Amino acid sequence: MTYLYPLLAYLIGSIPFGVIFTRLWGKGNLQKMGSGNIGATNVVRTQGKTLGALTFLCDFIKGVLPCYFLQTGDRVLDSIIYVMPLLGHVFPIWLKFKGGKGVSTYFGILLVVGASVFRSDEVVMQDVHCPMLFATFLATLFIWFTTFMVTKISAVASITSCLCSVIIFYYVCDSWNLDFVSELYALIISVAVIVIRHHTNVKQLLR
């Protein structure tokens with residue numbers, strides 16, 4: 001039964017909240033507006049900040065929930081599960097596999113992965129050490145906001161912060177001598193997908 005968890009994680013990740021919210025409370029088909037992307041950034045641009053924030057929150061949660069509740073204790077299988085919500089968001093079966101760029105969902109995955117590595121290695125968590133559970137997530141979020149404030153370009157902030165997240169995760173876990181290889185591969189694959197999905201933005205920036 002647990003081997004169906006990756007499929008379930010994918011299906012949860014593929015729920016297109018941006019499209020759903022736009023049709024319920026917004027203006028028509030999100031895929032035919034702005035950039036055509038189903039993520040929070042395009043929702044903000046075409047529908048406003050309220051629906052954009054709601055979309056970001058739900059896309060973030062659909063990264064958190066399957067990664068947290070569908071853990072099996074098998075490090076390899078869990079690492080596969082970590083990637084699936086992102087793939088669901090980027091390639092949703094409900095929208096003919098034409099989805100978003102996955103950053104909001106990746107942030108949700110990152111929150112769970114960092115905490116899971118520390119817990120699985122049975123590190124003694126004293127109050128002073130508790131922030132280490134979320135060190136990678138918090139640092140990545142800080143980099144995103146800082147980069148966005150400087151450049152005012154969401155794509156630059158997204159690519160920069162996601163790439164940095166892998167480096168931060170590596171050094172945080174390595175400094176504690178944790179077993180984190182499977183999770184690291186999951187993050188590398190996720191970030192690679194995100195960077196590829198931003199290829200049009202990269203080309204525009206290079207021009």
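Visitor: Let me get the words right: buried means under 20% relative accessible area, exposed means over 50%, and partly exposed is in between, using a 1.4 Å probe and protein chains only. Is Lys-96 buried or exposed?

Guide: With 72% relative accessibility, Lys-96 is over the 50% mark, so it counts as exposed. One thing early on: this is a predicted model, where local features need pLDDT of at least 70 and side-chain atom pairs count only at pLDDT 80 or more, while totals for chains, interfaces and linings use all residues. Residues are numbered from 1 along each chain as its sequence is written, and side-chain values use heavy atoms, with hydrogens and water left out.

Visitor: Where does Lys-96 lie?

Guide: Lys-96 belongs to the loop between H5 and H6. The helices here (H or I, at least four residues), like strands (E, at least two), are DSSP runs numbered from the N terminus.

Visitor: And what is phi of Lys-96 near?

Guide: Phi of Lys-96 is near 55 degrees, a positive value in a residue other than glycine. Most residues other than glycine have a negative phi. Phe-97 lies in the loop between H5 and H6 as well, and its phi is near 65 degrees, again positive in a residue that is not glycine.

Visitor: Back to that pLDDT. What is the mean for the chain?

Guide: The chain has a mean pLDDT of 91, and 94% of its residues reach 70 or more. That number is the predictor's confidence in each residue, from 0 to 100.

Visitor: Which element has the lowest mean, and which the highest?

Guide: Helix H10 (residues 199-206) has the lowest mean pLDDT among the elements, at 83, and helix H1 (residues 5-13) has the highest, at 97.

Visitor: Where does pLDDT stay under 50?

Guide: Look at residues 124-128: pLDDT stays under 50 there, and the model has four contacts for them beyond four places in sequence. A contact is a pair of heavy atoms within 4.5 Å. Where pLDDT is low, the predicted coordinates should not be read in detail.

Visitor: New topic. Which residues touch the most other members of the largest nonpolar core?

Guide: Tyr-106, Phe-107 and Phe-169 do, in a core of 38 residues. Two or more core residues come from each of helix H4 (49-69), helix H5 (75-90), helix H6 (103-120), helix H7 (135-151), helix H8 (154-175) and helix H9 (181-197). H6 gives the largest share, eleven residues. Such a core is a set of buried Ala, Val, Leu, Ile, Met, Phe, Trp, Tyr and Cys residues joined through side-chain atoms within 4.5 Å.

Visitor: What does Phe-107 touch?

Guide: Beyond four places in sequence, its partners are Phe-56, Phe-60, Phe-137, Thr-140, Leu-141, Trp-144, Ser-161 and Cys-162. Apart from the largest core lies another, of nine residues, among them Leu-30, Ile-38, Leu-51 and Leu-95.

Visitor: Ser-161 is on that list of partners. Is Ser-161 buried or exposed?

Guide: Buried, at 0% relative accessibility. Ser-161 sits in helix H8, and besides Phe-107 it touches Thr-140, Ile-143 and Trp-144, not counting residues up to four places away in sequence.

Visitor: What about Phe-56? Which residues is it in contact with?

Guide: Leaving aside neighbours within four places in sequence, Phe-56 is in contact with Ala-40, Ser-104 and Phe-107. Phe-56 is found in helix H4 and is partly exposed, at 33%. Its C-alpha atom is separated by 5.1 Å from that of Ala-40, although the two are 16 residues apart along the chain.

Visitor: How many aromatic pairs does the structure hold?

Guide: Eleven. One of them joins Tyr-68 and Phe-69: their ring centres are 5.0 Å apart and the planes are at 85 degrees, so the pair is edge-to-face. Tyr-68 is partly exposed at 48%, whereas Phe-69 is exposed at 59%. Trwo more rings, those of Trp-144 and Phe-145, pair edge-to-face at 5.3 Å centre to centre, with 85 degrees between the planes. Here Trp-144 is buried at 16% and Phe-145 is partly exposed at 47%.

Visitor: What counts as a pair?

Guide: Rings of Phe, Tyr and Trp (its six-membered ring) pair if their centres lie within 6.5 Å; planes under 30 degrees apart count as stacked, over 60 as edge-to-face and the rest as tilted.

Visitor: Which residues do ring pairs link into a cluster?

Guide: Phe-169, Tyr-170, Tyr-171 and Phe-180.
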